[in-house]
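Biologist: I should like to learn how to read a model of this kind, feature by feature. Please take me through it in order.

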Amino acid sequence: MPPRPVPAVLRVDLAAAAVRREAAPPLLLSRQRGGRALATALCDAPARLAWDDPGAPLCLAAGALAGCDLPGCGHLSLAFFSPRTGGPAVASLGGGLGHALARAGLAAVVVTGRAPEPVGLCLEDGEARLVPAGELAELPVPALFDALSSFDAALVCGPAARAGAGLATVVADRWHDAGPTGAGLALAAKNLVYVAVFGTGGVAVADPEGLARARAAMDRLIAASPALAGPCGFGSHGTAALVDLTHGRRMQPTNDFRATFFPATALVNAPALGKGQGVRGVSCPGCPVPCRRLDAAGRLLPDADALSHFTALLGLADPKLAVEARWFCLDQGLDPAGAAACLAAWGTGRAIAPDAALVREGLAALAAGDALGREIEACLRLAVKGVPLPAFDPRGACGLSLSLAVGTGGPDPWRGGCLAHELLRKPVATDRFTFEGKARAVALGENALAAAQSLGGCAFLSLAVTLEEWALALCAVTGEAVSAGDLAALGEGAVRRERAQQRLQGLDASADDLPECFFAHPGTAGDGIVVPPLDRRAFLAARDKYRRLRGEGAAVVAPAAAPAPVDALTGRFAERLARAGLCAPGQAAIVCLDEGASFSRQDFPLNAFLAETAARLGVACLMLVPPAEPYRAVLEYLAAREAPAIRPRDCETRTFFHDIPVVEAPRPEAAAAALSRRKGAYLPGFGILAHGALSPEQAFVTVSSVAFAGFVKFFADHLAAHRAGSPDAARLAAFEAAVRALPPAPAAVPPLAEGPFPDSGTALAAMTQAGRATVDLGLVDSVFGNISCNLDGVLAISQTGSALDALEGAIDLCPLDGSSCAGLTASSELSAHAALIARDPRRAILHGHPKFAVIMSMDCADSDFCPRRDSCHVDCDRSRFVDDIPIVPGEVGCGPRGLVHTMPPALAGRRGVVVLGHGVFTMGRHDFRDALADLCAIETRCRACYFEALGLEQA
């Protein structure tokens, strides 16, 4: 394999008008990779610098995967010294600038000095030149991009920066700005008007087929993400979809943060904004999620922060004004959400209610940087490190509040990952009203995002794409062995460097704080939600814990050295595993890490192994679960036969897990190596290993999924071996052991509530009852599936990742007319349920994962010879049935091969349908009685068909 070309670092001294291109040190690239980590390292100042010091470096760095055909990997990291925080800041900018730099053969551009006159930096393949830009300097941002249209991509600062506006930002590729940290002033201080790039070079890829597999894995996960690809997600409404979420969670900043609920949100939410506007989406190159939205006139519509702040924060229910204000800010290169926050504070200080005239006058003054603009900006009081707060009230989510406080570049809601698990239920839902476990969650979330941004990844994609997939892609591009754990370590190093730079620049521990009002006053209660003030003591304890995890305080106690008593958390999950039939009571060994370790079994001989493995991984929880039969026999057989990894073929495993590594012995280094690549593994003779970076819930889901996938794979493989006449003695022994332990087929369906339901409360209670019965009958993968009910134009549907036996408070009400994005946290199959309701008059839908229905859907006599064998679960073109029940292909979610396209037409008018390798959908006319009975009958029939095919009586 020929060596990959080493990209260059371009060093630009504006004062001397000198440009020097040098090969990037291989050691620097191997340690920092690119993007955020590289930009931070190249801007590492040895002494304290003012933000406008000519010697203060400014760095643009492409991600390590820039130039590759991957979703969202073209983001550029811009590192600079922030005039707002006084310390380092890194902005991640979407668009194609990262790709263009990579094609020009550049890993990074480092700019120092100040040009005597306005200049632009033009990069064209191997040529770099400084160009006088006096004529362009005063142009509005859109006109400046028009003037640079011959380049592939550009970064510009607008008139607000030239005027010295404190909230001046920079814009990349027309639609992507750098937020409220003052990046525009940083460029203006150097008299740098723009950076424009044109590149025609290619990017070497060591393993093109491996890169294609990584891309396919990312695409599947994005399509399965409700927040990204769902009908209420960013791909349909932009990030403005989050406004309905914060409204429903009563954490939408209203009237300058004096309230957390805006009654008029329905008039100004994302669907209202787009109504009659001819809205179209714009995405970054290669990304399937068009998260930027333009109206018919080509104006950029507000994102979540801008829309919420120009409406609720100002107390204004005027969507047209919000669009106008957003466009003005883009035109001038002014941060919109920060400008709205200053206007809200100005109105509060003057005791006046903002109106359209005040907004227009104030924005003009802020962009001009005049005396009135400076007065308005000086009113800002609700900020962290001088940076305005985003459109998520800190009182509504404790982890998010901690993340906003400790962020080095100011309060970024995406930085610590808490927005994902506290609000969007990804990867699992966590309790948003507690600080318990949030210090570690914030640290891990920061590490993961910093790693992804070092590869050029987008923060939004972190809702679906994990470090496992980014590692697969990096392995394919570089030919090096890289794990998710390696990337997490890369991210941790970047964050620690940023925090060290922050301290060097004079931001001490007191800067990691929130305004006092959030600890003194509650939010707006209602709809059964109470929003208390943040607990100051708990916040400070979590902040101190976060600092220790970052190595900034007293050393964290080694988990193995200080075992804590069994606490409620480990005990609760041990009991839950037993109730789910995944292990015998008292057999699960669980360690939960905070600053010490808590064990579910104090006398378990492998506790030290578990604690050290968890510490190596840096996760919150690790489980070792000896599987109960029938799972134990099949997993032991598969581990012995298929090591080093079990490769299931069911749809869910292909989408979310890839494979199940086999760990040969209980050695921490071996277990950590396997679990740094995958969510779960199997330890022969001991059981299923699974970790939860955030909480035991993640590990529980993984244990359940490994058991389900192993069962389905073994029984499907056994049937195929029988048909081929090749079952061996070990397989037969495992089969017989598993069959002996099979629970009996469900014989009777319990009585359920009879419809039609008179009101939504009765319907939700019926859904909860039906969900619990589905789990009790064993018709799911552990406790997972989904359920919905049409309430006369509003679809009540279980939330993504919710347990069917615990649906209280986990059901979303989604208007079918598209007037709300309340379904942002709904099941990934919301689109499929809605499409089915549109075709079939029946009102109730039930979806489970019964094992034998999944197994029989994968039974195909032609599979060994079929050209679609490796993609049959999404691309089968045969007409197949179990009796009268059709079997259809289809992936999870809304992708081009999603089951939303195949399942609804197949089920309409029928009693059920099986999605290949996935599960069963059924319907009921007014309630769930028929739906559950049909689900039970289909599984019972598939179980009978399985044993008939083997020539055996049903177990």
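Modeller: Let us begin with a hairpin, bearing in mind that this is a predicted model. In the hairpin of strand 7 and strand 8, two residues lie between the strands, and D125 takes a positive phi near 50 degrees.

Biologist: In which sense do strand 7 and strand 8 pair, and over how many bridges?

Modeller: Strand 7 (residues 119–124) and strand 8 (residues 127–132) are antiparallel, with six bridges between them. As an example of the register, V119 faces P132 of strand 8.

Biologist: Next, the open sheet. In what order do its six strands lie?

Modeller: The order across the sheet is 2-1-6-3-4-5, and the pairing is mixed. At the edges are strand 2 (18–23) and strand 5 (88–93), each of which pairs on one side only. From one strand to the next, the twist averages 15 degrees.

Biologist: Which residue stands opposite C59 in strand 6?

Modeller: That residue is V110. The two strands concerned, strand 3 (residues 58–62) and strand 6 (residues 106–112), pair in the antiparallel sense over four bridges.

Biologist: Which strands does helix 2 lie across, and at about what angle does it run to strand 3?

Modeller: Helix 2 (residues 35–42) lies across strand 1 (8–13), strand 3, strand 4 (76–81), strand 5 and strand 6. Its direction is at about 155 degrees to that of strand 3.

Biologist: Let us turn to burial. Is helix 18 mostly covered or mostly exposed?

Modeller: Burial is judged by a relative accessible area under 20%. By that criterion helix 18 (residues 398–406) is mostly covered, with nine of its nine residues buried. They are C398, G399, L400, S401, L402, S403, L404, A405 and V406.

Biologist: What covers the buried residues of helix 18?

Modeller: The covering elements include strand 15 (383–384), helix 19 (418–423), helix 20 (438–454), helix 22 (484–504) and helix 24 (536–549).

Biologist: Finally, a single residue. Where does R550 lie, and is R550 buried or exposed?

Modeller: R550 lies in the loop between helix 24 and strand 17 (563–564). Its relative accessible area is 3%, so R550 is classed as buried, the limit being under 20%.

Biologist: Which backbone atom does the side chain of R550 reach, and with which residues is R550 in contact?

Modeller: The side chain of R550 reaches the backbone oxygen of A443 at 3.0 Å. Apart from neighbours within four places in sequence, the contacts of R550 are A443, E446, N447, E492, V495, R496 and R499.

Technical notes:
Residues are numbered from 1 along each chain as its sequence is written. This is a predicted model: local features need pLDDT of at least 70, side-chain atom pairs count only at pLDDT 80 or more; totals for chains, interfaces and linings use all residues. Side-chain values use heavy atoms; hydrogens and water are left out. Buried means under 20% relative accessible area, exposed over 50%, partly exposed in between (1.4 Å probe, protein chains only). Contact means heavy atoms within 4.5 Å. Two strands pair if DSSP finds at least two bridges between them. Axes are lines fitted to C-alpha atoms, for helices over the stretch in contact, and angles run from 0 to 180 degrees between N-to-C directions. A polar contact is a pair of N or O atoms within 3.5 Å; within protein, one must be able to donate a hydrogen and the other to accept it, and residues adjacent in sequence count only if both atoms are side-chain atoms.
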